Structures are given as structure tokens and as C-alpha cells.
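User: Hi! Could you walk me through this protein model, starting with one pair of helices?

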Amino acid sequence: PALPSSSSSSPASSSSSASSSSPALPSSSPSPSSSTTTATRVRQSYINGFVSVLLLAYVRILRTSLVLVHCESVDGSLVLYRAGEVRRFTWWQGLVIGALALVIAPAPLLLFYWQQRVPRTKAGVSQALVHMVEGPFTPRCRSYMPCVIIFRKLLLISLYVLAGTPVTRVVAMTIVCCANLLHHVRLFPYRKLTSNIMEACIHAFLVCIGAVNASSATLAASGYHAEGALEVSLDRQRVLEGVLFVIPAAVFAARLVFRCGKNHAESDVESDVDFECRA
């Protein structure tokens, strides 16, 4: 039989050569890995939002609970500090005291215990929560720093609500703010230098505000009415206090706006790249 010439080729070989020479087209359907990554990002975003709201709400819950159980002695009987017609402890105050004793007050210890008990090798909601709570801190501080921050809130709010006189309140809170500032400067617990600097500035502003309020609190406790040059000095101190309060809030707002704009730009770039890859 006649042998085929070298120039001729079979249909199978031509099809195989054509398929090998032509570039492979990407599949239109998303891969399982990409869908899994998207689901993980969405879940992490919801968890981050939930934890952030919970940490912000802790201060309000703690303050409201302490106000509801803060009683003072009037004519030999205990009455509610904010409502003098409520005498002694009612049944709903008993519920609030139970919540304070079992959940709200020991929240730092409960958080520390939960951090130690969560398995670090398994992926899931618990691991995402741990990453949210411990993520901003350095490796040497991440195991206890979230509990320390919650304890700071607990201590300051308790002094603000339960302190007897304005002088005691201001002096005690100023001392706590000084201790927080020294502790933060010694550790610098956050991974980012900008976060450490901003936190140190906030603690310094709180110390300055406490020092400014000390004089006005002393006059208020003694019942002396400031007049003349002393009144002008107190007005200047109030203006300084307002400035010290506005500066960290303005810096935080500017940083938040910059961060949101940066994240929005990065998401736009990622969407453009994803669209080009799919095309």
C-alpha cells in the first residue's frame, strides 16, 4: 500500500495541533475556590461589624446598668440616685444586679477565657472572631490586650457613675487615664505605628481634660461661685477642654474618611481586574 506523504496529516492530528496552538479560554463559571473566598470575605465582614457594634454597645450597657442600681441614703433609706421616688431595691433592680454580676462586670475575664479556649487550627466563626479581636495587636500583646481595653472601659464608667463627689470622680478618672497612658507608651500594643501614636494622643488628651476639670470640680464641690478673674480663667479652661475634645475627634474622622476612600479605590481596582479576567 502507498504510504501517506509527510505533508498530509490526519484529522485527529490536525485537530490536536490546532487545540495545542490555540490558547485555552477561561471557563465562564466561577471556580469553587473563588466562591469560597468570596463567602469567607462576606462572613468576615459581618463578624467584624457585629463585634464592633458589640464593643461600642458595651459602654452604653454598662453605664445604663450602673445608673439603674446607683442608690444613695436619704433620711435613713436607700433611694435611686436618678429617681428619688424609687426606694430600696425593686425586682427589676435585682435583675440588673444579676446581669452586672454574671455577665457585664466579668466581661474582661470571660473574653480572656474564651480567647484561651477557642481552637486556633480550625477555620470557622470562632476563628474569625478571634482574628477580629486579636488582629490589630502585636503577637506579644494579642492574648491579653483586648481584655485590658474592656477593663479600662469598665473602670472609667464605674468611676464616672458611682463616684461620690465631683472632686473624687475627676481625680480618680485622671489617675486612671495617666495609668492607661503609661501602660500604652510602655507596650505600644498595636501592629501599626500610626495606631499607637493616635492612641497615645487620645490618652494624653484625656489626661489634659481631667487636669483642666480638676479646678472647676473643686470649686463646685466647695460651693464657691467664681467671679472676676477666676471666672475668666475657668471660661478659658472650658474652651481649652472643648479644643482638646475636638482635636482627636477631627483626626479620627479624617482618618476614617481616608481609610474608606482607600478601601473604595482598592475595591474598584479589584472589580476591574476581575472583570478583565472574566472577559
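**A helix pair and the cysteines**

Analyst: Happy to! This is a predicted model, and a good place to begin is that the crossing of helix 6 and helix 7 is left-handed.

User: At roughly what angle do the axes of helix 6 and helix 7 cross, and are the helices parallel or antiparallel?

Analyst: Helix 6 covers residues 145-162 and helix 7 covers residues 166-187. Their axes come within 9 Å and cross at roughly 165 degrees. Angles over 145 degrees count as roughly antiparallel, so helix 6 and helix 7 are roughly antiparallel.

User: Which class of residue, nonpolar, polar or charged, has ten members in the contact of helix 6 with helix 7?

Analyst: On the helix 6 side, the contact includes Met-145, Val-148 and Leu-155, while helix 7 brings in residues including Ala-172, Met-173 and His-183. By class, three residues are polar and two are charged. The class with ten is nonpolar.

User: How many disulfides does a search of the whole structure find?

Analyst: A disulfide is a covalent bond between the sulfur atoms of two cysteines. For the search, a pair of cysteine sulfur atoms has to lie within 2.5 Å. The number found in the whole structure is zero.

User: Is Cys-147 buried or exposed?

Analyst: Buried means under 20% relative accessible area. Cys-71, at 15%, counts as buried. Cys-147 has a relative accessible area of 8%, so Cys-147 is buried.

User: How many helices and strands are there in the chain?

Analyst: From the N terminus, the elements run α-α-β-β-α-α-α-α-α-α-α. Counted up, the chain has nine helices and two strands.

Note on methods. Residues numbered from 1 in each chain as written. Predicted model: local features only at pLDDT ≥ 70, side-chain atom pairs only at ≥ 80, totals over all residues. Heavy atoms only, no water. Axes fitted to C-alpha atoms, helices over the stretch in contact; angles between N-to-C directions. Helix = DSSP H or I, 4+ residues; strand = E, 2+ residues; numbered from the N terminus. Parallel < 35°, antiparallel > 145°, perpendicular 65-115°, else oblique. Left-handed = near helix turned anticlockwise from the far one by under 90°. Contact = heavy atoms within 4.5 Å. Nonpolar A, V, L, I, M, F, W, Y, C, P; charged D, E, K, R; others polar. Buried < 20%, exposed > 50% of the residue type's maximum accessible area, 1.4 Å probe, protein only.
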